[in-house]
Amino acid sequence: MIEARHLRVLRAVATTGSFSAAARELGCTQPAVSQQMKALEGSAGTPLLIRTGREMRLTQAGEALVRHASGILAGLTAAEEEVAAIAGLRAGRVRLVSFPSGSSSLVPGALAALRAAHPGTRVSLVEAEPPRSVEMLRDGDCDIALAFRYGTTGGEWDDLVERPLLRDRLIGLVPEGHRLAGSDAVTIGELADEPWIAGCPRCRRQLVEVCEASGFTPRIDFATDDYPAVIGLVGAGLGVAVLPELALESVRPKGARTVTVEPAVEREIVALTLPDLARVPAVAATLDQLSLAAAR
């Protein structure tokens, strides 16, 4: 295998015309140059230099290798500089996937802080709900997945690096004129006879489980992944809903009132990445900023 350090020695010998001059240029000893040239000829499997007295000239193979050496060494230098820039967060990219309420609440502040601290790092964002977002991470389609889960699902993310961010409580939403609109807190059972507006499939499944634990099955008249649509439907008097607190941070519930629902139901918000990606500086910096945004 031809090594870059041997190519640098060959190029110096070809440029200066002797081992001693090459040694002075490279800042090493003449025996070291001679040793590396022997190693290079051994790797190439053919002589690269012809030594006649004090004169030294390249063989045809040596000329070919010197001709390619400049491009190889230039490309290697460029690669080293690019890797150093990425390692030093002067460059790099992060592909982030997030669920909608995370995109509107946690992500903006985190990415603004990341850009201020490391303007050379570029972050792209697409939206997907778990488990699709987690599949994208495992398939190599993103570097970080912002996800959530209800309760503890053992083994679901054991192969991933988890960065816990926050606990997000579900909040009840009823029309302004609803009989429970002025209540400080209501039990889920008090909403048993109401028509329901449900959210994403994972949230919908959790709603059904919570209601069934309270002794009833909710009548779901509408289902949508769009939180503003859920709020609009409740505001129009078409039903009640429970929404994550994060979803209500960036949307004004016009025509609807929020109420605390008992028993408390929370979802865990986490940032996920692969073990190898967790060591990439730009990914680690993004995870840190997501943690800081969640703490604010």
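Q: What makes Cys211 count as buried in this predicted model?
A: Cys211 has a relative accessible area of 0%, and since the term buried applies under 20%, Cys211 is therefore classed as buried.

Q: Why is Cys200 called buried?
A: The relative accessibility of Cys200 is 1%, which is set against the cut-off of under 20%, so Cys200 counts as buried.

Q: How do you know that Cys200 is not bonded to the closest cysteine sulfur?
A: The closest cysteine sulfur to that of Cys200 belongs to Cys203 and lies 3.1 Å away, whereas a disulfide requires the two sulfur atoms to be within 2.5 Å, so the distance is too far for a bond.

Q: What places Cys211 in no disulfide?
A: The nearest cysteine sulfur to Cys211 is that of Cys203, at 13 Å, set against a limit of within 2.5 Å. The structure as a whole holds zero disulfides.

Q: How does the span of helix 4 compare with the expected value?
A: Helix 4, residues 60-87, has 28 residues and reaches 40 Å from its first C-alpha to its last, which is close to the 40 Å expected at 1.5 Å a residue. Helix 4 nevertheless bends by about 30° at Ala69.

Q: Which residues of helix 4 are buried, and what do they pack against?
A: The buried residues are Gly62, Leu65, Val66, Ala69, Leu73 and Ala85, and these buried residues pack against helix 1 (4-16), helix 3 (30-44) and strand 2 (55-58). Ala69 is thus both one of the buried residues and the site of the bend.

Note on methods
Residues numbered from 1 in each chain as written. Predicted model: local features only at pLDDT ≥ 70, side-chain atom pairs only at ≥ 80, totals over all residues. Heavy atoms only, no water. Helix = DSSP H or I, 4+ residues; strand = E, 2+ residues; numbered from the N terminus. Expected span 1.5 Å × (residues − 1). Bend = angle between axes of the 7 residues up to and from the residue. Buried < 20%, exposed > 50% of the residue type's maximum accessible area, 1.4 Å probe, protein only. Contact = heavy atoms within 4.5 Å.
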